[in-house]
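This report covers one chain, from overall totals to a helix pair and a few backbone details.

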Amino acid sequence: MGKWGAGKTSMRSIIFHNNVARRTRDLGPTIGIESSDVQFLGNLSLNLWDCGGQDKFFNNYLTTQSHHVFKNVEVLIYVFDVISAELDKDIHYYQSCLESILTYSPNAKVFCLIHKMDLIQEDRRGQVFAEHQKELQVRSEPIQIQAFQTSIWDETLYAAWARIIHCLIPNIIALQTNLDNFCKICGADEVVLFERTTFLVVANAATIHHPDVHRFEKISNIIKQFNLSAREQSHSKSMVIKGSSFTAFIDVLTRNTCVMIIISDPGITPAATQMNIAAARTHFEKLETMHKNV
C-alpha cells in the first residue's frame, strides 16, 4: 500500500515479473486492487495485493472494504515516496491502515519502504532515511515495524524484498542450518542461495567476514540480468568466474534455487566443487517440500 505514484507497481514488476527499471515508466497507475499469485521456492504461494493509492481507493479500503482488505494479512508493505509533498497525508493513511491491521490481522508484520532514495543527494541519504525511520517508528506504536530505504535503480530494492520474503519461508531455519553445513563441506569462503525466479537471497553461509554488507543484493541484480540474457540466448544456467584469489561458481541447485559458491583455497578443484553441488541437489530438493501456502 501507499500513495499513487509511490512506486509500488514498479517494484513489484521488477522483483516478480523480471521487468527492468528503465521500462517501469511505461506502467500505468493501479486501479483499485490488483491481486496476483506468485510462486516462490516452488510450493510457497504468495497472494500479493497491489493497492491503488488514489484518495478514493484509500477511502474505500478504510471503510466499506476494510474487512475484505485487512483480514488474514501476513505482511503489510507500506511504500512512502521520499520526495512526496504530502507526507502528512501519507502518514495519516498509513496510521489508518495500521488501525485496521490491529483490528483484523494483529499478528501481521509491517514493513515500511522509504522509496525513490535515488532522488536524494547521495551524501544526505543516510540522514534522510534515519529521520523518516525514527518518525515512522513513533507513529507506528504499538506496532513494531522494519523500515528500509529503496530505489529501483540499485540493490536496495533486493535487500528490502529479500528480508520481507525471508520472514514468510516456513523452514528457513532448516535451510540455513543445511547451508552452513554445505559451506563447510565445500571448503567455501561463502555460499549464497538464491530463489531462481526472483533471485532474491534466501540464505547465506560464510566462513570469512566480508566488509560489504550489500554484496548479496548487488550479486542478485547482476545474476538476474545474466539469467535474463541466458534465457534469451538459450545458454547454460551455470557460470564460473575466476579471479586472482578466488573462484566463484554459479549453478542451479534445485528446481527453485540457484547457488553461488566462493572458493579461495587453490587446493580445491573446480571438479570437486561441481561434484558437491550435484551431490547436494537431492537433499535441498527435499527441504523445499516443507513449505506451506501464504
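The text below takes the chain totals, then one helix packing, then backbone geometry.

This is a predicted model, in which local features need pLDDT of at least 70, side-chain atom pairs count only at pLDDT 80 or more, and totals for chains, interfaces and linings use all residues. Residues are numbered from 1 along each chain as its sequence is written, and side-chain values use heavy atoms, with hydrogens and water left out.

The chain has nine helices and 10 strands (DSSP runs: H or I of at least four residues for helices, E of at least two for strands, numbered from the N terminus). Of its 294 residues, 51% are buried (under 20% relative accessible area with a 1.4 Å probe, protein chains only; exposed is over 50%, partly exposed in between).

Helix α4 (residues 87–104) packs against helix α5 (residues 125–140) at about 40 degrees, with the axes 10 Å apart; axes are lines fitted to C-alpha atoms over the stretch in contact, and angles run from 0 to 180 degrees between N-to-C directions. L87, I91, Y94, Q95 and L98 of α4 meet H132, E135, L136, R139 and S140 of α5, where contact means heavy atoms within 4.5 Å.

Two residues other than glycine have positive phi values:

| Residue | Phi | Loop |
|---|---|---|
| N72 | near 60 degrees | between α3 (66–70) and β3 (75–81) |
| K116 | near 65 degrees | between β4 (109–115) and α5 |

N72 is exposed, with a relative accessible area of 66%. A cis peptide bond with omega of about 10 degrees joins E141 and P142, and P142 is in the loop between α5 and β5 (145–149).
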